[in-house]
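The following exercises concern strands, helices, contacts and backbone angles. Each task is followed by a solution that proceeds step by step.

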Amino acid sequence: MGALISLVAVAGLALLAAVGASTGDGLRFVLGVIIPGVAFAVFVGGIIFRVVHWAKSPVPFRIPTTTGQEKSLPWIHNSELEAPSGLVGVIGRMALEVLVFRSLFRNTRVEILPEKEKVNYIADKALWAAAMAFHWAMLIIVLRHFRFFLQPVPAWVEMLEKVDGFFQVGLPVYYGTTFLMVLGLAYLLARRFFDAKLRYISLPTDYFALYLLLGIALTGIVMRHIEKIDVVHVKAAIVGWASFQAIVPIGVGLWYFVHVTLVSALLIYFPFSKLVHAPGVFLSPTRNLANNNRVRRHINPWNPDIIGHTYAEWEDEFRDKLKASGYPLEKE
Amino acid sequence: MAEKSPQELIQIDFTPPPRNWMNPAVDFEARRGTWSYPTGVKSLEYLGMPNPREWSPTDADWKLPENWQQIIHDGFKDLLKKYRTLEVFMDICVRCGACADKCHFFIGSGDPKNMPVLRAELLRSVYRQDFTTAGKILGSLAGGRELTEEVLKEWYYYFFQCTECRRCSVFCPYGIDTAEITMMARELMNLVGLNINWILEPVANCKRTGNHLGIQPHTYKDNVEFLVDELEEVTGIKLDPPINRKGAEILFVIPSADYFADPGTYTFVGYLMLFEHIGLDYTLSSYASDGGNFGLFNSAENLKKLNWKIYHEAKRLGVKWILGGECGHMWRVMHQYMDTMNGPADFLEVPVSPITGTVFENTISTKMVHICEFTSDLIHNNKLKLDKSRNDNLRVTFHDSCNPARAMGFLEEPRYVIENVCNHFYEMPENTIRENTFCCAGGAGLGNDENMEMRMRGGLPRGNAVRWVRDHNDVNRLACICAIDRATLPALCDYWAPGVDVSGIHEMVGNALIMEGENERTTDLRGEPLVPEKEEQDDV
């Protein structure tokens, strides 16, 4: 049900864009200039708002989840990346988490064999592989798009394109990341459909994000490989947009407007949805803090001014019993 | 004991129910054996906590305060302001499901709401509805859910079906920690008087007497004397452990179960033998008579109050530093909370082993050392006379307790001690130890008898791994460094891996220590013969 609602929503957005763009310059201006501009502002502003909001809320306790040996006695080998003792280790741990999805790489699948009374844990890297494929492909694709924003095209963009199009298949060349992104997304979507557990926990918004990303990828593919739209017009349109010249994109076709509208929707949706996991992972206190609790005192800014049951109160309550048992007392 | 046999219990159906999870319905009557009794009136009143009353989860009316929704809403708002963890964890979950089958309660029950992701969603759905723009406008379409009485009842059921073991947080790509979420949910439920007796009666006891079991100082002394007398029968040596002695160098803090019940008591005498062996200048305290702290499980305020006495007593007695016994959640408190809550411990000195001269550099702020760190250092410096063969009747495996493993990274120290006092040590399968360790399923207040079916279900992964080493390596002893483990794992082993006994590590240290003036040992500290029975020898 949630899957269907979200599909309708994303398809509706695409259709609106196509219909709008086909009505003429007025709506083309809105779809090609105004909406992307607003979306970009919302995206940047929204992310800043989110991160500042999180950063403002205190971290009362230092609670890293340790996944390896602590630093204790000098002759016991400690694991700096799994239980960092200081900043360098934390940076390393976060880098592994953000760049290669360290925690997801641990993933296992449980299997119970009742007749043998055995529980097995089987390494399961598929989710990790799909997540890596999708996220890295998307990053490279976004970077490749700088070809449209910058004049002249920087050398590093051309380098990326060369590497990405290494196999020289098709005209224009098919990029490896195109396949990786679509395959990654397809897997992430398929498991929500076919894994009963995943289907059960999935919300409409989980499908929405995937459809949106798939829509963006597919419209991009259509433009590049099927429509083979004129890149010069696209570049003119985007450079114009990026340099705040309010011109109506010309010669780019309907797919362009659908693509840009879906991207705009994603940008607007991003800061207000689970997609904020991207900046959020940097602020996760179980990962970004050192396991040096007994070395450096962590300060809780709202540490309440309360004390426990004092020794004096305790001695008063049990005085007779303490005396009878021959305990040394503070007050006789 | 759980009424179902292990063969029945292991038939687990992982098919989710057809009903959308957002529609809550927990039938407490039908699910007896999987939930814990609510807190009694006396304890809540003694602690000054809200809404003391007689009630049962099976009642239709839970006698909530009239404006309970407002109370929880305001409480939620307050917690969001105080904890970045809560805010971030509410916002960033993508429901990838990596955590799902990492939870022992999900593995053992198949109940989808025991998937950590869905446990958190129980709270998160209300968060979206009340505190996010999308949720306020789109409601359930954005994953929002109104906090109804049915939802609240579901909170009670599932947030007291989490042992705060943090295994899911190891696997979460964002480190979302369900322990933290469960603690927050329990804080919220405290506000309207929903909490369990197995947590708050001990907390009330601990506030009054200094320990969760409510042992008063004269009984404390009697217990210690009784255990020392028993030790004399086995070894012929007479110990006289100091209690509340001012001017000692070290205050020794332990979980109260260690001087109360088997098998913790054997570990207790193991500590005392060690201290006698090395001539340590220390004292026990019948006021700071519990390092364990059930406040951790549901209330930061209770946590701080109960923990406060440790530094207070150290100061009163004028000790130089603090040594702590084998206890899991106690060590999470001592490692991650004590200094922040009740420090700085600037009246203490940096811990130095008086025997080896080792400076415990990793404790320079809290000034508290774990007994396994202390003993490892002694062994490493050859300060102990040990006869490993005295543990030859034991074939040992080690259960990493959740908190030392995942909140301290305390993995090698206990293993080093075991390997130096035992000849036969075998690890359980690698996905069930170290940071991947599985909970005893009785932590965080759930180790009570009325919850036995859920304990055995949640105990399946641990029990099954113990069974594996029992069958493959003839293991007969499950060692651990946690008092809750020592209290709950015996039942779990009897159920899933019969024939395996549970003990602390310092019990085995005590077995191996060659004490000055001791009688020749023919039995271990439990009075079991050191030489295996004849027929068993033939087996080997």
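Two strands are said to pair if DSSP finds at least two bridges between them. The model examined here is a predicted one.

**Exercise 1. Parallel sheets of chain B**

Task: State in what order the four strands of the open sheet of chain B are arranged, and which strands stand at the edges.

Solution.
Step 1. The order of the four strands in chain B is E2-E1-E3-E4, and their pairing is parallel.
Step 2. Strand E2 (282–283) and strand E4 (368–370) of chain B each have a single partner strand, so they stand at the edges, and one side of each is left without a neighbour in the sheet.
Step 3. Within this sheet, strand E1 (residues 250–253) of chain B is joined to strand E3 (residues 321–324) of chain B by four bridges, and the two run parallel.
Step 4. Ile250(B) has Trp321(B) in E3(B) as its bridge partner.

Task: Carry out the analysis for the open sheet of three strands in chain B.

Solution.
Step 1. The three strands follow the order E5-E6-E7 in chain B, with parallel pairing.
Step 2. At the edges are strand E5 (396–399) and strand E7 (501–504) of chain B; each has a single partner strand, so one side of each has no neighbour in the sheet.
Step 3. On average, neighbouring strands of this sheet are turned by 35 degrees against each other, direction ignored.
Step 4. E5(B) and strand E6 (residues 477–480) of chain B run parallel and are joined by four bridges. In E6(B), Cys480(B) stands opposite His399(B).

**Exercise 2. A hairpin in chain A**

Task: Describe how strands E1 and E2 of chain A run and what is notable about phi of Glu117(A).

Solution.
Step 1. Strand E1 (residues 108–113) and strand E2 (residues 118–123) of chain A run antiparallel and are joined by six bridges.
Step 2. Arg109(A) has Ile122(A) in E2(A) as its bridge partner.
Step 3. Four residues lie between the strands of this hairpin. Glu117(A) lies in the loop between E1 and E2 of chain A.
Step 4. Most residues other than glycine have a negative phi. In Glu117(A), a residue other than glycine, phi is positive, near 50 degrees.

**Exercise 3. Two helix pairs**

Task: Classify the packing of helices H2 and H12 of chain A as parallel or perpendicular.

Solution.
Step 1. The axes of helix H2 (residues 25–56) and helix H12 (residues 253–269) of chain A come within 8 Å and cross at roughly 20 degrees.
Step 2. Angles under 35 degrees count as roughly parallel. H2(A) and H12(A) are therefore roughly parallel to each other.
Step 3. The crossing of H2(A) and H12(A) is left-handed.
Step 4. Among the residues that make the contact are Leu31(A), Ile35(A) and Phe43(A) of H2(A), and Phe257(A) and Val260(A) of H12(A). By class, this contact of H2(A) with H12(A) has eleven nonpolar, three polar and one charged residues.

Task: Repeat the classification for H14(B) and H15(B).

Solution.
Step 1. H14(B) and helix H15 (residues 328–342) of chain B pack at about 85 degrees, and their axes are 10 Å apart.
Step 2. Angles of 65 to 115 degrees count as roughly perpendicular. H14(B) is therefore roughly perpendicular to H15(B).
Step 3. The residues that meet include Leu303(B) and Trp308(B) in H14(B), and Val333(B) and Tyr337(B) in H15(B). This contact of H14(B) with H15(B) divides into eight nonpolar, two polar and one charged residues.

**Exercise 4. Contacts of chains and domains**

Task: State how many residues each chain gives to the contact, and which helix gives the most on the side of chain B.

Solution.
Step 1. Chain B gives 91 residues and chain A gives 82 residues.
Step 2. On the side of chain B that touches chain A, helix H14 (residues 300–317) of chain B gives the most, with nine residues.
Step 3. The residues of that side of chain B comprise 40 nonpolar, 26 polar and 25 charged.

Task: Describe the contact between the two domains of chain B.

Solution.
Step 1. Domain 1 of chain B spans 6–30 + 50–194, and domain 2 spans 204–539.
Step 2. The C-alpha centres of domain 1 and domain 2 of chain B lie 33 Å apart.
Step 3. In the contact, 21 residues of domain 1 of chain B meet 24 residues of domain 2 of chain B.
Step 4. H5(B) gives five residues, the largest share of the side of domain 1 of chain B that touches domain 2 of chain B.

**Exercise 5. Cis peptide bonds**

Task: Locate Pro172(A) and Pro263(B), each of which follows a cis peptide bond.

Solution.
Step 1. Most peptide bonds are trans. The bond joining Leu171(A) and Pro172(A) is cis, with omega about -5 degrees. Pro172(A) lies in the loop between helix H7 (155–164) and helix H8 (176–194) of chain A.
Step 2. From Asp262(B) to Pro263(B) the peptide bond is also cis, with omega near -5 degrees. Pro263(B) is in the loop between E1 and helix H13 (264–278) of chain B.

Definitions and conventions: Residues are numbered from 1 along each chain as its sequence is written. Chains are lettered from A and ligands numbered from 1 in the order in which they are written. This is a predicted model: local features need pLDDT of at least 70, side-chain atom pairs count only at pLDDT 80 or more; totals for chains, interfaces and linings use all residues. Two residues are in contact if their C-beta atoms, placed from the backbone, lie within 7 Å. Ala, Val, Leu, Ile, Met, Phe, Trp, Tyr, Cys and Pro count as nonpolar, Asp, Glu, Lys and Arg as charged, and the others, Gly among them, as polar. Domain bounds come from an automatic or database domain assignment. Axes are lines fitted to C-alpha atoms, for helices over the stretch in contact, and angles run from 0 to 180 degrees between N-to-C directions. Angles under 35 degrees count as roughly parallel, over 145 as roughly antiparallel, 65 to 115 as roughly perpendicular and the rest as oblique. A crossing is left-handed if the near helix is turned anticlockwise from the far one by less than a right angle, and right-handed if clockwise.
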